[in-house]
Amino acid sequence: MPLLEIQNLKVHFPVRQPWFGRAKEFVRAVDDVSFAIAPGETVGLVGESGCGKTTLGRAVIKLIEPTSGRIVFEGEDIATLSGAELRARRRRFQMIFQDPYGSLDPRLTVAASIGEALDIHGLAPDATARRQRIDALLKDVGLDPSHAPRLPHEFSGGQRQRIGIARALAVEPRLIVCDEPVSALDVSVQAQIINLLQHLQREHNIAYLFVAHDLAVVKHISRRILVMYLGRIVESGDARELCRSPKHPYTRALLSAVPVVDPDSKRQRILLAGDVPSPIHPPGGCPFHPRCPVAEARCKTEVPSLRELAPGHHAACLASSRIARSTYAL
Amino acid sequence: MPLLEIKNLQIEFGSGLSVARAADGVSLMLEAGKTLCLVGESGSGKSVTALSIAKLVPAPPAHYVGGEILLEGRDVLKMSSRELREIRGGLVSYVFQEPGASLNPVFRIGAQIKESLKYHRPAVANDAEVIRLLKLVGIPAPESRLKNYPHEMSGGMQQRVMLAMALASQPKLLVADEPTTALDVTIQAQIIELLRDLRRQLGMAVLLITHNLGIVGDLADDVAVMYAGQIVEHGPVREVIQRPLHPYTQALIQSVPELDTEVACLTAIPGTVPLPGAYPSGCRFHPRCPKARPDCSQAAPDLSQVEPQRWARCPYWNWKANALA
C-alpha cells in the first residue's frame with residue numbers, strides 16, 4: 001500500500017475577491033494532480049517558479065487547504081480533516097523549509113524548538129527523557145548536544161537546517177516534505193545536508209517528497225521524479241530513466257538548461273522562447289504549447305493527459321510519439 | 001596595459017576589537033575583451049571586491065585599508081566624486097543579482113535606460129536608441145515595452161532591461177554580480193546565451209561573480225577562486241576546472257552534484273565557511289582541508305605561481321591527500 005496517495009488534487013486561490021458574490025478568477029496553483037509515494041521512497045518534484053510545486057508540497061501535508069481532491073495518507077483521506085483529528089495524524093508527516101533563517105523561532109533555544117514538537121504530541125514522559133531525546137536527535141543530525149541551549153542566530157545556515165531536520169525527526173514521521181532544503185545554502189554545505197538526508201532515510205525508513213528546482217540535486221536523491229508546469233504534472237518516471245530519456249518537451253528543455261561544470265562537455269541547449277504564462281489565464285489546450293519547440297496544430301485545442309509511454313514513465317504530450325523514440329543525448 | 005588591475009586590495013569593516021577584513025590582499029588582472037569569473041561562496045569577499053571597482057562599497061562602514069584598483073591605469077580609490085561619477089555606468093557598468101530590487105519601481109523602464117544615456121551619451125538620449133538597446137538584449141516588441149514599469153515584467157525580462165541599462169554607455173567593463181542566481185534555470189540559459197552574444201558583438205571585458213560552477217565554463221576565459229577574503233587559485237578556466245590545484249577548488253568541484261554522473265554519496269566539505277573577523281590562523285582553509293599538514297595552521301601561504309599562468313595559495317598543491325583524510 002502506498003504511504004501517500006494524492007488523487008486529483010486542486011488548489012485554486014481566488015483573485016480579486018469582489019465585495020459581493022464569488023471570485024471570478026483563480027490562480028490555478030495546483031490543477032488536478034495525482035501521484036503516490038511508497039514507504040521509504042524519495043519522490044522529487046521539480047519545476048520552475050510559479051509551477052505550483054511549493055503549493056503542492058504544502059497542500060500534501062495540509063499546511064494549505066486544498067480546494068478539492070483526496071490526500072490518502074496510510075489509507076486514510078486527510079483532505080477534509082481539521083483540528084484535533086488532523087493534529088493527531090500530524091505526527092506522521094513533517095516538513096523541512098527552504099529558509100534556514102526564517103523557519104526557526106529566533107526566541108526559542110534549539111532545545112525548546114525541538115522539544116516543542118515532543119511536547120505537542122506528548123512524546124516525552126519526563127524532563128530527563130525529553131533531554132535525552134533532544135540530545136540524541138542533535139547527534140543524529142551531526143550537531144553537538146552541548147549547543148542545545150543556544151539560540152538560532154548563533155548558528156550558520158547549514159547548522160540551522162540541521163536543527164530544522166532534527167525538529168522534523170523528533171516525532172518519528174513516516175514522510176517529510178523537503179521544500180527546497182538546500183537552495184539557500186552554500187555549495188560546500190549543500191552536499192553535507194543532502195548526505196545527511198539520505199543517511200537519515202536509510203536509518204529511519206522515511207519517505208521524502210523533495211521539492212526543488214535544481215535537477216542535478218533532485219536526480220541524485222530521488223528514486224522517481226515528477227515534473228510540474230503551470231500547476232500540472234507533465235512528466236513522471238524513474239529518476240535516471242527520466243533524465244536519460246525525457247519524453248516531454250519541457251523536461252527536455254529543463255534538462256538541457258542545467259549548467260555543466262566541465263567546459264568541454266557542453267550539452268546542446270534548447271532555448272525556450274518567452275516566459276512562463278500566468279497561472280490565472282493558462283493557455284488553452286496544452287499549457288506548454290506557446291513555448292513548445294515541437295507544438296502541433298492540435299496542441300492549441302486539446303489538453304493532453306498523462307499517458308504511460310514506457311513502463312512506469314508517463315508524459316502529458318500529444319507529440320510524444322515523435323519524441324518517444326529518440327534518446328536525449330547527454 | 002590591462003583594462004583592470006587590482007593590486008593587494010584590503011577592505012575592512014568595523015573597528016577596534018571587532019574588525020572583519022572582507023578582502024585581504026586581493027590581486028587580479030583583466031585584459032580588454034576578456035572574461036574573468038570570480039567564484040566563491042558567501043563571505044568569501046567576491047562581491048565586496050567587485051563593488052569596489054567603482055568604489056561602490058560605502059566607506060563608512062567599510063574602510064579601504066590598502067591596495068590599488070587601476071582602471072585604464074588610474075587608481076579608482078584615489079578618484080574624486082566627479083571622476084567616480086564619470087566612470088560609474090560609463091567606463092564600468094554593473095548588473096546585479098536581483099533585477100527587481102535594482103530597477104526603480106516608480107519609473108518606466110524606457111525612462112530608466114534613457115537616464116543612463118542622458119549622462120553618458122546625451123547626443124543619442126532618445127527613444128530610438130532605447131529601442132535599439134532593448135532589441136540588442138533580445139526583448140521582443142521593444143517599442144511596446146518603453147512604457148512598462150518593472151513590476152509589469154518577469155524576472156528574466158527585468159534582467160535584460162538591467163543589461164540594456166548597463167550597455168547604454170558602451171562600457172569597456174561589465175561587472176555582473178550573480179546575474180542569474182535569482183532566475184529559473186531555463187531563463188538562466190537564455191541570459192547566459194545573451195551574455196555570450198553580447199560579449200562577442202561588443203568586445204567588452206566582463207567580470208562575472210558567481211557561486212555556480214556550471215556557468216563558469218560557459219562564459220569565462222579565466223577564473224579566480226576566492227575563500228575567506230583571499231584568492232586561493234587563479235588560471236585559465238579549462239585548466240582550473242579540469243585540473244584544480246588548490247584543495248578548496250578540488251573539494252568545491254567534487255561537491256557539486258551533476259546530472260551526467262552518478263555517485264552514491266556526494267563529497268562534502270566538512271565544517272563551514274569562516275566568517276570575516278574569525279578567520280583561522282595560518283592557512284584559512286586548513287580546518288576543512290583533506291590535505292592539511294601540521295604546519296598549515298602556523299604559516300599563512302602566499303598566492304604563488306606554480307605553473308605558467310596558474311596560481312595557487314597552497315604549498316602542498318601537488319602532494320597527494322593524507323592517508324588519514
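A:Glu116 sits in helix 3 (residues 110–120) of chain A. The model is predicted. A:Glu116 is partly exposed, because 14 other C-beta atoms lie within 10 Å, under the 20 needed for a buried residue. The C-alpha atoms of A:Glu116 and A:His313 are 42 Å from each other, with their positions 197 residues apart along the chain. The points below cover the interface of the two chains, a helix pair in chain B, and strands of both chains.

**Where chain B touches chain A**

- On the chain B side, 39 residues are in contact with 35 residues of chain A.
- Several helices of chain B supply at least two residues each to this side: helix 6, helix 7 (185–202), helix 8 (213–219), helix 9 (237–242) and helix 10 (247–255).
- Helix 7 of chain B gives the most, with six residues.
- The chain B side breaks down by class into 18 nonpolar, 14 polar and seven charged residues.

**B:Ala189, a residue with contacts in chain A**

- B:Ala189 belongs to helix 7 of chain B.
- Is B:Ala189 buried or exposed? B:Ala189 is buried, because 24 other C-beta atoms lie within 10 Å and the cut-off is 20 or more.
- Leaving aside neighbours within four places in sequence, B:Ala189 is in contact with A:Ala257, A:Arg269 and A:Leu271.
- Within chain B, the C-alpha atoms of B:Ala189 and B:Val48 are separated by 26 Å, and these residues are 141 residues apart along the chain.

**Helix 4 against helix 6 in chain B**

- Helix 4 (residues 109–120) of chain B packs with helix 6 (residues 155–167) of chain B at an angle of about 25°, and their axes are 8 Å apart.
- The two helices are therefore roughly parallel, since angles under 35 degrees count as such.
- The crossing of helix 4 of chain B past helix 6 of chain B is right-handed.
- Helix 4 of chain B contributes B:Ile109, B:Gln112, B:Ile113 and B:Ser116 to the contact, while helix 6 of chain B contributes B:Val161, B:Ala164 and B:Met165.
- Five of these contact residues are nonpolar and two are polar, with no charged residue.
- Helix 6 of chain B also lies across strand 6 and strand 7 (173–177) of chain B, and runs at about 175° to strand 6 of chain B.

**The eight-stranded sheet of chain B**

- Chain B has an open sheet of eight strands in the order 6-7-8-3-9-10-12-11, and the pairing is mixed.
- Which strands stand at the edges? They are strand 6 (92–95) and strand 11 (304–307) of chain B; each has a single partner strand, so one side of each is left without a neighbour in the sheet.
- Direction ignored, neighbouring strands of this sheet are turned by 25° against each other on average.

**Strand 10 of chain B and its partners**

- Strand 10 (residues 230–236) of chain B is mostly covered, with six of its seven residues buried.
- Strand 9 (residues 222–227) of chain B runs antiparallel to strand 10 of chain B, and six bridges join them.
- Within strand 10 of chain B, B:Ile231 is the residue opposite B:Met226.
- Strands 9 and 10 of chain B form a hairpin with two residues between them, and B:Ala228 in the turn has a positive phi of about 50°.
- Strand 12 (residues 310–312) of chain B is also antiparallel to strand 10 of chain B, joined by two bridges.
- Bridge partners here include B:Glu233 with B:Ala312 of strand 12 of chain B, and B:His234 with B:Trp311 of strand 12 of chain B.

**Strand 8 of chain A**

- Strand 8 (residues 207–212) of chain A is mostly covered: six of its six residues are buried.
- What lies on each face of strand 8 of chain A? One side has A:Ala207, A:Leu209 and A:Val211, the other has A:Tyr208, A:Phe210 and A:Ala212, and all are buried.
- Strand 3 (residues 42–46) of chain A pairs with strand 8 of chain A in the parallel sense, over five bridges.
- Strand 7 (residues 175–179) of chain A also pairs with strand 8 of chain A in the parallel sense, over five bridges.
- A:Leu209 in strand 8 of chain A is the bridge partner of A:Val43, and A:Leu209 is the bridge partner of A:Val177 too.

Key
Residues numbered from 1 in each chain as written. Chains lettered and ligands numbered in written order. Predicted model: local features only at pLDDT ≥ 70, side-chain atom pairs only at ≥ 80, totals over all residues. Axes fitted to C-alpha atoms, helices over the stretch in contact; angles between N-to-C directions. Helix = DSSP H or I, 4+ residues; strand = E, 2+ residues; numbered from the N terminus. Parallel < 35°, antiparallel > 145°, perpendicular 65-115°, else oblique. Left-handed = near helix turned anticlockwise from the far one by under 90°. Contact = placed C-beta atoms within 7 Å. Nonpolar A, V, L, I, M, F, W, Y, C, P; charged D, E, K, R; others polar. Buried ≥ 20, exposed ≤ 12 C-beta atoms within 10 Å, placed from the backbone. Pairing = 2+ DSSP bridges.
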